[in-house]
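Hi there,

Here is the structure I promised to pass on. Have a look at it first, and my notes on the internal cavities follow below.

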Amino acid sequence: MSAHAGEETQPDRTEGPEDAVRTRGYVGLLLLAAAIGIPVSLVAFGFLALLHALEHAVWESLPEAVGLDTPPWWWALPWLLLAGVLVGVAIRWLPGRGGHVPVDGLGLGAVPASHVPGILLAALGGLPLGVVLGPEAPLLALGSAVALLLVRPIARAADPTAQALLTVAGASAALAAIFGSPLVAAIFVLEAVGLAGPKLARVILPCLLASGVGALVFTGMGSWTGLSISSLSLPEIDGPQRPDLGDVLWTVPLAVVIAVGVRQVHHVGRWVARVAERRPAGTALAAAVVVGLCTVAYSLLTGRSPEEVALSGQALLEPLVADAHAWSLAALVALLLFKSIAYGVSLGALRGGLIFPALLLGAAAGVLVSGLPGYGVVPAVAAGMAAATASILPFPVSSAVLVILLLGPNAAAMAPVVLIAVVVAFVFEQVIVKERRGA
């Protein structure tokens, strides 16, 4: 008989989420997260408003000022040359190397204030001038930097994780600005940090609170100031009540093809990034020139605006989906080809986010194949965006939630197609392609 037979034994108990949030000081941490959401949202609004103003000036106001209805075929090239110089200066000579290298994914690390000038120069000197990347990466960095600056003097030394949690919350609040949804931002953070169990609750609650408070302030800023900003959105378009069998069957090969294509774009970005490690400023300039040449070739071949290949694709997404039948097959193929090349070199040598161009390319691929028998425009676009996002990040849950929210009134009907596309693309890209590469 055991010596402890007379003692009452306590059953083993696994720590749950409620234990993680009952720790001393956690309520104060949540209050700080809520407070951080306000200044982060103000900084995010100012950044996006300035970005929008610069983009409008370069691509709309200046062409009109010189008597041009639309930007001519050569318009993007000089601006991208300037972008390459500015981004190269930020990477080569300013602290922080202009921010996170986009081909490495989303950066959620703490960003010191000394890195902010370089991040701003790389973002404002590249994104509105035609670099094929989105604003989400510099937004993440700015949110993290503002949060770190605010919490460093007041975070308790007894809790070494407080600063890390609050800087991630600040990044989440900034990300909510561009996606137009605090929930999407929080889910992206959840998958990016890769936590589960009790740690999940401890990390995600400050992110949800900071994002929610920040979204309230951010939403009101447009009406209070009259300034224009743009969040990711799709137009309301008529779609089927439910996906047909053809929609489901075509989604599987489409997701596989998109996963293969995204993998090739990623390979280009990786190769360019290796070159950029040795010659960062020169590679940034060369990458910007390649992007410019892609815009020239696209415009000359299709007769369309070079702006469609340049920039993140955020502004093009809505008109592409709303008027899909206005695009010829040749124009769609040219858009996919030249924007993919420009996107690949931008990922490796320039600075910005990697999500927006992937969404645009996925939508364009969906429009291209929507003429197949039994495949509608809405299901094809939904599947294309979902597969491209899940392949490039790769965060399957975040990708599905983002695309479903973008679909608006069509969300419930298209959710099965989105989920199938995400799973097929993610499994193919992560398992089959990587196993073959490692064999």
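Helix H2 (26–65) and helix H5 (136–151) each contribute at least two residues to the lining of the second largest cavity. H5 gives the largest share of that lining, with 4 residues. Please keep in mind that this is a predicted model.

The lining of the second largest cavity is made up of Val-40, Val-43, Ala-44, Leu-139, Leu-142, Gly-143, Val-146 and Ala-174. Sorted by class, 7 of these residues are nonpolar and 1 is polar, with no charged residues. The space inside the second largest cavity is about 30 Å³.

How many cavities of 30 Å³ or more does the structure hold? There are 2, and the largest cavity encloses about 60 Å³. It is lined by 10 residues, and the closest to its centre are Leu-234, Ile-237, Val-321, Leu-407 and Asn-410. Here the lining divides into 9 nonpolar residues and 1 polar residue, again with no charged ones.

Which helix supplies the largest share of the lining of the largest cavity? That is H14, with 3 residues. H14 is mostly covered, as 16 of its 16 residues are buried. I also checked its length: helix H14 covers residues 377–392, so at 1.5 Å a residue its 16 residues should span 22 Å, and the end C-alpha atoms are indeed 22 Å apart, which agrees.

Happy to talk any of this through whenever suits you.

Best wishes

Terms used:
Residues numbered from 1 in each chain as written. Predicted model: local features only at pLDDT ≥ 70, side-chain atom pairs only at ≥ 80, totals over all residues. Heavy atoms only, no water. Expected span 1.5 Å × (residues − 1). Buried < 20%, exposed > 50% of the residue type's maximum accessible area, 1.4 Å probe, protein only. 1 Å grid on protein atoms, 1.4 Å probe; cavity = no way out; pocket = protein on both sides within 12 Å on 5 of 7 lines; lining within 4 Å. Points joined across faces, edges and corners; volume = space filled by probe spheres on them. Nonpolar A, V, L, I, M, F, W, Y, C, P; charged D, E, K, R; others polar.
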